[in-house]
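Thanks for coming. I will go through one structure today, and I will keep to side-chain pairs and packing.

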Amino acid sequence: MLTKMQIAVLNIYMFTCKYQFKRAYDAIPLRRRQKIDQLKNEKDKARSLAAECVLNYCLMEYKKEEVKNIEIKNLSENDIQKSITNEKAFSYEIEYQYGGKPMLKGSNPIYFNLSHAGDYAVCVVSNMSVGIDIEGKHKMNEKVMRKCFSEKEKNWVNENAQEKQERFFRLWTAKEAVSKATGKGLSQIVEGIYFQVGDKLILENKYLKDIYTIYEMNHLKNESYCITVAIEHNEK
């Protein structure tokens with residue numbers, strides 16, 4: 001089976017405008033509006049709204065025949081406006097598997113995952129179990145590194161002062177993406193995830209490396225963001 005993976009990245013700036021925010025808010029599903037209503041910070045509200053809109057866009061694009069293999073796109077305001085006003089917009093139902101892994105209801109499994117940080121929301125949709133994470137625009141957390149990184153990982157992060165923050169977020173987004181793809185949650189498996197480090201990250205854990213692959217995306221690297229996807233192999 002050919003792996004299909006649609007990835008989209010959206011800057012949340014358009015939702016800082018009250019008119020654009022309300023237009024999209026009125027269109028999204030009730031479950032997302034309720035989640036947004038519980039948030040107090042305006043930027044958090046914009047990020048949550050952007051996440052639902054980027055999911056809607058990805059799902060509509062994913063179902064097109066021409067979407068094959070791995071595709072990634074930076075979305076424009078026009079992309080979002082067209083997708084939220086489409087007659088098929090938000091016409092999906094979500095169900096949750098073990099560990100809260102989201103997927104679409106239907107006979108053919110469609111998996112997706114969302115993440116947002118700073119000025120961006122990202123989404124991945126695939127026919128395989130998948131997870132995505134974006135981090136950046138804030139300082140690395142030394143406490144998290146001490147608790148969640150192996151000695152090998154900590155040594156790699158600390159050995160280069162100029163790349164220390166970047167290396168931390170590369171590892172952290174990889175751990176988050178894998179935990180979301182497995183559905184077990186970071187707290188349950190973080191101590192069992194180890195990475196071969198170098199030019200790219202590769203899963204070393206013998207229970208995970210034969211099931212999942214890590215992809216580090218270069219999008220937004222010039223803005224000091226890290227985006228990582230973990231996806232289940234299509235070999236069964």
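Arg-170 counts as buried, because its relative accessibility is 12% and the cut-off for buried is under 20%. Please keep in mind throughout that this is a predicted model.

What does Arg-170 form a salt bridge with? The partner is Glu-216, and the closest N and O atoms are 2.7 Å apart. Arg-170 sits in helix α7, residues 164-182, and Glu-216 sits in strand β10, residues 212-217, so this pair ties together parts that are 46 residues apart in sequence. Glu-216 is partly exposed, at a relative accessible area of 27%.

Now to what α7 packs against. One neighbour is helix α6, residues 151-158; the two helices pack at an angle of about 145°, and their axes are 8 Å apart. On the α6 side the contact is made by Glu-153, Trp-156, Val-157 and Asn-158. On the α7 side the residues are Lys-164, Arg-167, Phe-168, Arg-170, Leu-171 and Lys-175. Arg-170 therefore appears here as well as in the salt bridge with Glu-216. By class, this contact of α6 with α7 has five charged residues, four nonpolar and one polar. Phe-168 also belongs to one aromatic cluster, together with Phe-149, Phe-169 and Trp-172.

Next, the sheet. It is open and has three strands in the order β7-β11-β10, with antiparallel pairing. Which strands are at the edges? They are β7, residues 130-136, and β10, each of which pairs on one side only. Neighbouring strands are turned by 15° against each other on average, ignoring direction. Helix α7 packs on this sheet and touches β7, β10 and β11, and its direction makes about 155° with that of β7. Between β7 and β11, residues 225-232, there are seven bridges. One point of reference: Ile-134 has Ile-227 in β11 as its bridge partner.

Back to charges. Side chains of opposite charge can pair when their charged atoms come close. How many salt bridges are found in the whole structure? The search gives 15. Among them is the pair of Glu-52 and Arg-32, with the closest N and O atoms 2.8 Å apart. Glu-52 lies in helix α3, residues 42-62, and Arg-32 in helix α2, residues 30-37, so the pair ties together parts 20 residues apart in sequence. Are these two residues buried or exposed? Both Glu-52 and Arg-32 are buried. The pair is also part of a network of salt bridges that links Arg-31, Arg-32 and Glu-52.

Another salt bridge joins the side chains of Lys-22 and Asp-26, at 2.7 Å from N to O. Asp-26 is partly exposed, with a relative accessible area of 47%.

Arg-32 comes up once more, through Ser-48. Ser-48 lies in helix α3 and counts as buried, at 2% relative accessibility. Apart from its neighbours within four places in sequence, Ser-48 is in contact with Arg-32, Lys-35, Ile-36, Leu-39 and His-116.

Last, the aromatic pairs. The search of the whole structure finds seven. In the pair of Phe-90 and Tyr-92, the ring centres are 6.4 Å apart and the planes are at 50°, so the pair is tilted. Phe-90 counts as buried at 11% relative accessibility, and Tyr-92 is buried with a relative accessible area of 12%.

That is what I have. Questions, please.

Definitions and conventions
Residues are numbered from 1 along each chain as its sequence is written. This is a predicted model: local features need pLDDT of at least 70, side-chain atom pairs count only at pLDDT 80 or more; totals for chains, interfaces and linings use all residues. Side-chain values use heavy atoms; hydrogens and water are left out. A salt bridge is a side-chain nitrogen of Lys or Arg within 4 Å of a carboxyl oxygen of Asp or Glu. Buried means under 20% relative accessible area, exposed over 50%, partly exposed in between (1.4 Å probe, protein chains only). Helices (H or I, at least four residues) and strands (E, at least two) are DSSP runs, numbered from the N terminus. Axes are lines fitted to C-alpha atoms, for helices over the stretch in contact, and angles run from 0 to 180 degrees between N-to-C directions. Contact means heavy atoms within 4.5 Å. Ala, Val, Leu, Ile, Met, Phe, Trp, Tyr, Cys and Pro count as nonpolar, Asp, Glu, Lys and Arg as charged, and the others, Gly among them, as polar. Two strands pair if DSSP finds at least two bridges between them. Rings of Phe, Tyr and Trp (its six-membered ring) pair if their centres lie within 6.5 Å; planes under 30 degrees apart count as stacked, over 60 as edge-to-face and the rest as tilted.
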